[in-house]
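Trainee: I should like to examine this model with you, one question at a time. Please reason from the structure to each answer.

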Amino acid sequence: MPELPEVEALADHLRRHATGCTIGRIDVAALSVLKTFDPPPTALHGQQVTGAHRWGKYLGLQVGELSLIAHLSRAGWLRWSDQLAAAPLRPGKGPIALRVHLGVPGQAPGFDLTEAGTQKRLAVWLVDDPVKVPGIATLGPDALAINADALAGLLAGNTGRIKTVLTDQKVIAGIGNAYSDEILHTARLSPFATAGKLSTAQLTALHDAMHTVLTDAVTRSVGQQAATLKGEKRSGLRVHARTGLPCPVCADTVREISFADKSFQYCPTCQTGGKVLADRRMSRLLK
Ligand SMILES: [Zn+2]
């Protein structure tokens, strides 16, 4: 799932390549992705793109007073093309959900919002105010805009596990499963630590890790995506999706905790004092 760094890279690409273009046409191939009906997408035809934004993991194209906002969810992506084909999309065929022609169709660049797989969760809104998107209205402060004191305040009294709290968009916006694994590994914190019980030193380490991991990832993503924009590619991950591989810091084996629909990774030596955490899936089998 694209998180803050990848969405920031997409916004950066749109800012540099779409701003100033006039929208020629919007093709909707999957009606179910559209969560708003008034104004209709045709309201953007002939209008000039004035910028691009990111709110947490939401991506927005600014067109005058209107914002075309997308949440890419698990398998969604933005695919840029220097010259999009003019032929209309065939509804319900292929991964393309929505196509934006940035000029005369067939003679201009543009982009597709795509979604792989069978779980259709990609969502698009066209609104005159971004807070009309329910998920944006309830976002916590952006992960890159939080200072150490603010982070302490956000976590104070929270009895949840830090892994869960870091990925709760209502508490902190922008962090998902991959970067929370990386941040906790860098901060040397157990994913199961109680958020509201971190020591001052742990809070400082967490804040430093959050800033470093996300800033580095934004830099890498912006460089990569600007060149390709072909799909979500991550590099530089130390524990996430590296189950069974050696931790690059201490060489211990990276372990995994699995849930019904997702899993996350950590290093026992770096994060849990060498303790291997109970895997819920395993515990259920043993019951
Ligand atoms: Zn380690």
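Trainee: In which sense do strand S2 and S3 pair, and over how many bridges?

Mentor: This is a predicted model, and in it strand S2 covers residues 51-55. Within this pairing, Ala-52 has Leu-61 of S3 as its bridge partner. The two strands run in the antiparallel sense, and the number of bridges is five.

Trainee: Which residue in the turn between S2 and S3 has a positive phi?

Mentor: S2 and S3 make up a hairpin, with two residues separating them. The turn residue with a positive phi, about 55°, is Gly-56.

Trainee: Over how many bridges do S3 and strand S4 pair, and what stands opposite Gly-60?

Mentor: Strand S4, residues 66-71, pairs with S3 in the antiparallel sense over six bridges. These two strands also form a hairpin with two residues between them, and Gly-64 in that turn has a positive phi of about 60°. Opposite Gly-60, in S4, stands Ile-69.

Trainee: Why is strand S3 largely enclosed by the rest of the structure?

Mentor: Consider the faces separately: Tyr-58, Gly-60 and Gln-62 are buried on one side, and Leu-59, Leu-61 and Val-63 are buried on the other. Both faces of S3 are therefore covered. Strand S3 spans residues 58-63 and is largely enclosed because the number of its residues that are buried is six of six.

Trainee: Turning to charged side chains, how many salt bridges does the count come to?

Mentor: The criterion is a side-chain nitrogen of Lys or Arg within 4 Å of a carboxyl oxygen of Asp or Glu. One pair that meets it is Asp-27 with Arg-25, whose closest N and O atoms are 2.7 Å apart. By this rule the count comes to nine.

Trainee: Is Arg-25 buried or partly exposed?

Mentor: Its partner Asp-27 has a relative accessible area of 9%, so Asp-27 is buried, as the limit is under 20%. Arg-25 has a relative accessibility of 23%, and therefore counts as partly exposed.

Trainee: For the salt bridge of Asp-128 and Lys-132, which accessibility class does Lys-132 fall in?

Mentor: The side chains of Asp-128 and Lys-132 meet at 2.7 Å, N to O. Asp-128, with a relative accessible area of 47%, is partly exposed. Lys-132 has 51% relative accessibility, and the class begins over 50%, so Lys-132 counts as exposed.

Trainee: Which helices does the salt bridge of Asp-181 and Lys-163 tie together?

Mentor: The closest N and O atoms of Asp-181 and Lys-163 are 2.6 Å apart. Asp-181 lies in residues 177-186 and Lys-163 in residues 162-166, so the pair ties together parts 18 residues apart in sequence. Asp-181 counts as buried at 2% relative accessibility, and Lys-163 counts as buried at 6%. The helices are H5 for Asp-181 and H4 for Lys-163.

Trainee: Which residues do salt bridges with shared partners join into one network?

Mentor: Here, salt bridges that share partners make the connection. The network consists of Glu-8, Arg-15, Arg-54 and Asp-142.

Trainee: What is the geometry at the zinc ion?

Mentor: The protein donors are the SG atoms of Cys-247, Cys-250, Cys-267 and Cys-270, lying 2.3 Å from the zinc ion. The ideal angle for four tetrahedral donors is 109.5 degrees. Among the four donor atoms the angles are 97 to 114°, and the site is tetrahedral.

Trainee: What is the sequence spacing of the zinc donor residues?

Mentor: Cys-247 lies in the loop between helix H6 and strand S9, and Cys-267 in the loop between strand S10 and helix H7, 20 residues apart. The full spacing of the donor residues is C-x2-C-x16-C-x2-C.

Conventions
Residues numbered from 1 in each chain as written. Predicted model: local features only at pLDDT ≥ 70, side-chain atom pairs only at ≥ 80, totals over all residues. Heavy atoms only, no water. Buried < 20%, exposed > 50% of the residue type's maximum accessible area, 1.4 Å probe, protein only. Helix = DSSP H or I, 4+ residues; strand = E, 2+ residues; numbered from the N terminus. Donors = N, O, S within 2.8 Å, 3.2 Å for Na, K, Ca; no water. Tetrahedral: all angles 85-135°; square planar, octahedral: opposite > 155°, others 65-115°. Pairing = 2+ DSSP bridges.
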